[in-house]
Amino acid sequence: QLQLVESGGGLVQPGGSLRLSCAASGVTLDRYHIGWFRQAPGEEREGVSCIGNSGGMTFYADSAKGRFTISRDNAKNTVYLQMNNLQPEDTGVYYCAAAWGSCAGVEFGSWGQGTQVTVSS
């Protein structure tokens with residue numbers, strides 16, 4: 001059974017950077033498309049980015065384009081989200097989840113517990 005664990009969150013000033021990691025255990029991660037999502041206080045969870053199972057396809061929400069980069073190292077069973085030029089509106093709990101076959105129009109599962117990102121001066 002696939003289990004995902006996020007890490008790398010923290011408190012950062014506006015304009016700062018963080019790199020989130022999503023580590024998998026239980027099964028080989030290269031079977032799955034992996035998405036990053038976030039949920040701000042009082043808001044619904046939203047998609048941030050997604051990467052195909054081989055790493056050849058990546059997708060970003062408009063809010064993430066040009067600032068965030070998703071990548072994966074299947075040998076390490078880990079997906080990363082490099083976040084640069086962070087802004088207060090990026091604050092929230094970041095989750096990773098897995099999907100079979102696509103990044104769009106599919107149900108994501110195996111949700112991790114989330115990692116808190118707080119952008120504040």
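**Exercise 1. Ser110 and Asn85**

Does Ser110 count as buried, partly exposed or exposed, and at what relative accessibility?

Solution. The model is a predicted one, in which local features need pLDDT of at least 70 and side-chain atom pairs count only at pLDDT 80 or more, while totals for chains, interfaces and linings use all residues. Residues are numbered from 1 along each chain as its sequence is written, and side-chain values use heavy atoms, with hydrogens and water left out.

Begin with the scale: buried is under 20% relative accessible area, exposed is over 50%, and partly exposed lies in between (1.4 Å probe, protein chains only). Ser110 has 32% relative accessibility and therefore counts as partly exposed. Next, place the residue: Ser110 lies in the loop between E9 and E10, where E marks a strand, a DSSP run of at least two residues, numbered from the N terminus. Finally, look at the backbone: phi of Ser110 is near 55 degrees, which is a positive value in a residue other than glycine.

Asn85 can be treated in the steps just used. It is found in the loop between strand E8 (78-83) and E9, its phi is a positive value near 50 degrees although the residue is not glycine, and because its relative accessibility is 39%, Asn85 counts as partly exposed.

**Exercise 2. The partners of E10**

Determine which strands pair with E10, in which sense, and which residues stand opposite Val117.

Solution. Pairing requires that DSSP finds at least two bridges between two strands. Strand E2 (residues 10-12) meets this condition with E10 through three bridges in the parallel sense, and here Gly10 stands opposite Val117. Strand E9 (residues 92-99) is also joined to E10 by three bridges, but these two run antiparallel, with Gly92 opposite Val117. As for the faces of E10 (residues 115-119), Thr115, Val117 and Val119 make up the covered one, whereas Gln116 and Thr118 make up the uncovered one.

**Exercise 3. The surroundings of E4**

Trace the pairing of E4 on to E9 and E5, and describe the hairpin.

Solution. Strand E4 (residues 33-39) is mostly covered, since six of its seven residues are buried. Seven bridges connect E4 with E9 in an antiparallel arrangement, and one residue pair to find is Gln39 opposite Val93. With strand E5 (residues 46-51), E4 pairs over five bridges, again in the antiparallel sense, and Trp36 has Ser49 as its bridge partner there. Six residues lie between the strands of the E4 and E5 hairpin, where Gly42 takes a positive phi near 75 degrees.

**Exercise 4. An open sheet and Thr78**

Give the strand order of the four-stranded sheet, identify its edges, and then describe Thr78 in E8.

Solution. The open sheet has the order E1-E3-E8-E7, with antiparallel pairing. Strand E1 (3-7) and strand E7 (68-73) each have a single partner strand, so one side of each is left without a neighbour in the sheet. Within the sheet, strand E3 (residues 18-25) and E8 share six bridges, and Cys22 has Val79 as its bridge partner in E8.

Thr78 lies in E8 and, because its relative accessibility is 9%, counts as buried. Its side chain reaches the backbone oxygen of Lys76 at 2.8 Å. Setting aside neighbours within four places in sequence, Thr78 is in contact (heavy atoms within 4.5 Å) with residues including Ser21, Cys22, Leu29 and Asp73.

Notes:
Polar contact = N/O pair within 3.5 Å; in protein donor to acceptor, adjacent residues only side chain to side chain.
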